[in-house]
Amino acid sequence: MNTFSRLYGHAPEGEWAAPGRVNLIGEHTDYNLGFVLPIALPQTVRAQARRRDDGLLRLHSTEGGSAEVAVADLAPGSVTGWAGYPAAVVWALREAGHDVGGAELSLDSDVPTGAGLSSSAALECAVAIAYNDLYGLGLSAPELALVAQRAENAYVGVPCGIMDQMASMCCRAGAALHLDSRDLAMRQVPVDLAGAGLALLVLDTRVKHDLGDGAYAGLRAGCERAARLLGLTALRELGPADLAAALPRLPEELRPLVRHVVTENERVSEAVAHLAAGALAALGPVLTAGHASLRDDYRVSCPETDLAVDTAVAAGAHGARMTGGGFGGSVIALVDAEAAEAVAADVTAAFLAKGFTAPRTLTATPAEGARRTA
Ligand code: ADP
Ligand code: MG
């Protein structure tokens, strides 16, 4: 008998899966309504689910344990801990006017949590897509992504942009998602790493610095203030040609933030151009330049991510950068396939030499977004 049947005494109505992600380039641009370029990971959060008609939401996660809540009682913050994420999605669906009730959910996952690989969005999206089918809502993938983002913003209380949820919902196998965060226009850009003799290493630094949580909101607020001072709706409206004239109009402390956002949007365009031309290795220097900008201008790197990037590049990676919000989390490195093990070994050795915990290493291939699996 599988876990669902053991927990709830009958079979699920179906099974759904939603992936974690790594972002190739375009960091801290989504909440500035700019561009991002994530791929979905093969690692997913899987949900087995069955509708309940008594208004009870019953949850179980292999990692988190069990929880139970009446759907009518859901209000931001009313459920905390891991169960807050699925509860938030059900709350956000109801807030959006969808007449959804209870369900039984059994969740399992191989997305590392708290590693900057967006297990939180994978969890939200697995629940959102399961509910969409259980309750016949007929919502599109971007609509479900927006519900999941609202859940994380307004219920869990994390002011994230739209990238993680759009990546989990809308990525396609073999492609990166070139997303415009302003209108959610998207283009699937083929990424054939193996065909180019390349591999994308993901090095989970195993650190999550606490200052990350408050700092993210502060950075976002700084960008929004800069946009207001420049008379813009969002920094996305500022092009590279306007940068030199715009910076002196801003307080000193906001200038590097703006410089990062504007140059990072440019790097997304460059990366897409390289991919479209089939010049995958040329992506490398774009990644490394993006890391320097996150380190020096946006200031969201940390000794562990810098060490992973520097060591990977010194070991022959075409390029490397931290991915995700920063202050720890994961680094991606674009490497020749046959060099992947040696680069990972060098990074591990460098970490041990500094007394850091050895990183966990994955190899990312662009995988499919959220889907029904049974
Ligand atoms: P990230 O999204 O980078 O993994 P977050 O801090 O945003 O990091 O989200 C991690 C949190 O998401 C975990 O602490 C946990 O509360 C929740 N979570 C993610 N996956 C699961 C899961 N399979 N089971 C229970 N909780 C999970
Ligand atoms: Mg998250």
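1. A good place to start is the pair R236 and D180, whose side chains form a salt bridge with N and O 2.7 Å apart. Please keep in mind throughout that this is a predicted model. The interface of domain 1 and domain 2 has two salt bridges by the rule used, and 17 residue pairs are in polar contact across it, both partners at pLDDT 80 or more. On the side of domain 1 that touches domain 2, the elements giving two or more residues are β1 (14-23), β2 (35-36), β3 (38-52) and β7 (175-180). That side is made up of 15 nonpolar, 11 polar and six charged residues.

2. For the wider frame, the domain assignment places domain 1 at 4-188 and domain 2 at 192-364. Their centres, taken over C-alpha atoms, are 25 Å apart. In the contact between them, 32 residues of domain 1 meet 39 residues of domain 2. The two domains bury about 2,900 Å² between them, with 64% of that on carbon and sulfur atoms.

3. R321 deserves a look of its own. This residue sits in strand β10 (residues 319-323) and is buried, because its relative accessible area is 0%, against a limit of under 20%. The R321 side chain makes a polar contact of 2.6 Å with the side chain of E27. Beyond its neighbours within four places in sequence, R321 touches residues including N23, L24, I25, E264, H291 and S330.

4. Over the whole structure, the search returns 20 salt bridges. One of them joins R52 and E104, with the closest N and O atoms 2.7 Å apart. R52 lies in strand β3 and E104 in strand β6 (residues 102-109), so this pair links parts of the chain 52 residues apart. Both partners are buried.

5. A longer link in sequence is worth checking on screen: D133 and R372 form a salt bridge at 3.7 Å, N to O. D133 belongs to helix α3 (residues 119-134) and R372 to strand β13 (residues 371-372), 239 residues apart. D133 is partly exposed at 34% relative accessibility, and R372 is partly exposed at 42%.

6. E252 and R255 also form a salt bridge, their closest N and O atoms being 3.6 Å apart. E252 counts as exposed at 60% relative accessibility, while R255 counts as partly exposed at 24%. Elsewhere, salt bridges with shared partners join E27, E264, R267 and R321 into one network.

7. Lastly, how many residues of helix α5 (residues 163-170) are buried? Eight of its eight residues are, among them M163, D164, Q165 and C170.

Notes: Residues numbered from 1 in each chain as written. Chains lettered and ligands numbered in written order. Predicted model: local features only at pLDDT ≥ 70, side-chain atom pairs only at ≥ 80, totals over all residues. Heavy atoms only, no water. Domains from an automatic or database assignment. Contact = heavy atoms within 4.5 Å. Buried area = accessible area lost by both parts, 1.4 Å probe. Salt bridge = Lys/Arg side-chain N within 4 Å of Asp/Glu carboxyl O. Polar contact = N/O pair within 3.5 Å; in protein donor to acceptor, adjacent residues only side chain to side chain. Helix = DSSP H or I, 4+ residues; strand = E, 2+ residues; numbered from the N terminus. Nonpolar A, V, L, I, M, F, W, Y, C, P; charged D, E, K, R; others polar. Buried < 20%, exposed > 50% of the residue type's maximum accessible area, 1.4 Å probe, protein only.
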